[in-house]
Amino acid sequence: MATKELKSYSREEVAKHNTDADLWVIIDGKVYDLTKFKNMHPGGASVILDDEIAGQDATEAFYGLHRHEVILKPQYARLQVGVVEGEQSVITGKVVGELSQVPYAEPTWLSDGYKSPYYSENHRRFQRAVRKFIDEVITPDAALHEEDGKPPSKSVIEAMAKLGLHAMRMGPGKHLKGLELMGGIVKPEEFDYFHEACMIITQEFARCGKRGYGDGLMSGSVIGLPPILNFASQAIKDKVIPDVLSGQRTICLAISEAFAGSDVAGIRTTATKTEDGKHWIINGTKKWITNGTFAHYFTVGCKTDDGFTVILVERGEGVETKPIKTSYSPTAGTAFISFENVKVPIENTLGPEGGGIFVMLSNFNHERWVMICSSARSQRLVVEECLKWTNQRKAFGKPLHSQAVIRNKLAAMIARVESVQNWLENITYQMNNMSYKQQAAKLAGPIGILKMQATRSAQETAADAVQIFGGRGITKTGMGEFIEHYHRTVPFDAILGGAEDVLGDLGVRQAIRGIPKNSKL
């Protein structure tokens, strides 16, 4: 179909079209005929018929009420009848795959003129490819299913599998051997925690601002599969790992219960051996299990005669899952799970019997670190939204950022996110240079304290952002949609993976144990 040729008009010509029967406006150097549309305008026709709007330049008024993507929608784009003579459009929104030019909208290492000791050119190439994929493939699906509550589309899961994204989300390791990662941009032996954390799904996906969908996008596998990778028998690995990494099946981590959240040792789900010692019989319940409603496998923490044991359970007879309504989208698949006389082969034991605490402590480090990565990037998205809004929103005849109280809130937001990101990068560097066992021994405390700091910072930033956006910050659509969503869902970060108070205490107790006995004031 041929592209409609747009005529050039002078501002004087446009000004003549200012009546109910003939209504034009200018937005960003483009001329729009709103004569037929005015009565369908969600804000009413009177807004458009205002003397300062009809036939005039309505750019400032438009961007005071609408996000840029609104005017790009086909039903509105076709209202354009021309351009202003001698003028060019200058406003740009989010450009697919591109870096934002707003200060602090990107981590320092991605900002022009800044250097970093942690990232190589390969990291930068990798980041560009991942962002393009996420913007083009994942973000549209996220917007769709965050609203309808259905699991992420199968086509998205398959597209991720082709690029090795499911495997990369598990971190560096032998499971990457022989895989082509992001079309060959990074070799399996070169892939490190900076590739995983600060670029792929963890931080890049957080830019979508769709928390329920983010957790639904196989995040249960990110925390449920590592115990298989590190502690399962070879037979179990051969059966489960290919299924999960290909996206054909999902797995979730089933630890928390109504009786025991952060208190792992207090769980009541039991596993007892059959008389012949060949099977476990599991009974009990689990609660708030991410991806549990649609998972095929469950990495389950159980109380056994020897203490605490982790066992792999496959969905089948005796396993029942029910959705739990939460403050974010059902896309996450948050579940209540019941196990009633579930018979599981003894070979499904992960790690030594009674050694489940070590299995989980090793797993928790990676889980919490991933959550910090996501939290840091989500906070940065909020900073960008607030900087843009205060620049375009007028209050008392001046930009919102002309008020000192607003600038003070912005300064606090920026300080919080940059502090979290920089400590995160330091810990990530340590992970790159430590074995899995060393990470478990040395980093549990620092990661626990940083998660506490990240989630507390996030909630302060969410509260400040709502104040900056005002009523829009509590409205699910429009200018403040990301702020409303973030403010509503950010408490999840403070609870999932261990309550922030418990994690802070964990870090301090680890530090206290490390104080030399001969160290005195």
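Start with the boundary between domain 2 and domain 3, where this predicted model has seven residue pairs in polar contact, both residues of each pair being at pLDDT 80 or more. If you look for salt bridges across the same boundary, the count between domain 2 and domain 3 is zero.

To set up the selections, colour the protein chain by its four domains, which run over residues 7-84 for domain 1, 109-217 for domain 2, 236-353 for domain 3 and 361-514 for domain 4. The contact between domain 2 and domain 3 takes 17 residues from domain 2 and 12 residues from domain 3. Placing a marker at the centre of each of these two domains, taken over C-alpha atoms, should give you a separation of 27 Å.

Next, turn to the surface that the two domains hide from each other. The size of an interface is often given as the accessible area lost when the parts come together. Between domain 2 and domain 3 the buried area is about 1100 Å², and carbon and sulfur atoms give 66% of that area. Now select Gly149, Gly212 and Asp215, since on the domain 2 side these residues supply 32% of the area buried against domain 3, more than any other three residues.

Keep domain 2 on screen and show its helices. On the side that touches domain 3, at least two residues come from each of α6, α7 (154-162), α8 (165-168) and α11, and the largest share, five residues, is supplied by α11. Colouring this side of domain 2 by residue class gives seven nonpolar, six polar and four charged residues.

From α11 (211-216) you can move on to helix α19, because the next selection is linked to it by packing: the buried residues of α19 pack against α11, and also against α6 (121-148), α15 (356-392), α18 (444-469) and α20 (491-495). Select residues 481-489 to display α19 itself, in which Phe482, Ile483, Glu484, His485, Tyr486 and Thr489 are buried.

Which residue of α19 deserves a last stop? Zoom in on glutamate 484, whose place is in this helix. Glutamate 484 counts as buried because its relative accessibility is 8%, and the cut-off for that class is under 20%. Its side chain makes a polar contact with the side chain of arginine 488, at 2.8 Å. Finally, add Gly473, Ile474, Thr475 and Lys476 to the selection, for glutamate 484 touches these residues when those up to four places away in sequence are not counted.

Key. Residues numbered from 1 in each chain as written. Predicted model: local features only at pLDDT ≥ 70, side-chain atom pairs only at ≥ 80, totals over all residues. Heavy atoms only, no water. Buried < 20%, exposed > 50% of the residue type's maximum accessible area, 1.4 Å probe, protein only. Helix = DSSP H or I, 4+ residues; strand = E, 2+ residues; numbered from the N terminus. Contact = heavy atoms within 4.5 Å. Domains from an automatic or database assignment. Buried area = accessible area lost by both parts, 1.4 Å probe. Salt bridge = Lys/Arg side-chain N within 4 Å of Asp/Glu carboxyl O. Polar contact = N/O pair within 3.5 Å; in protein donor to acceptor, adjacent residues only side chain to side chain. Nonpolar A, V, L, I, M, F, W, Y, C, P; charged D, E, K, R; others polar.
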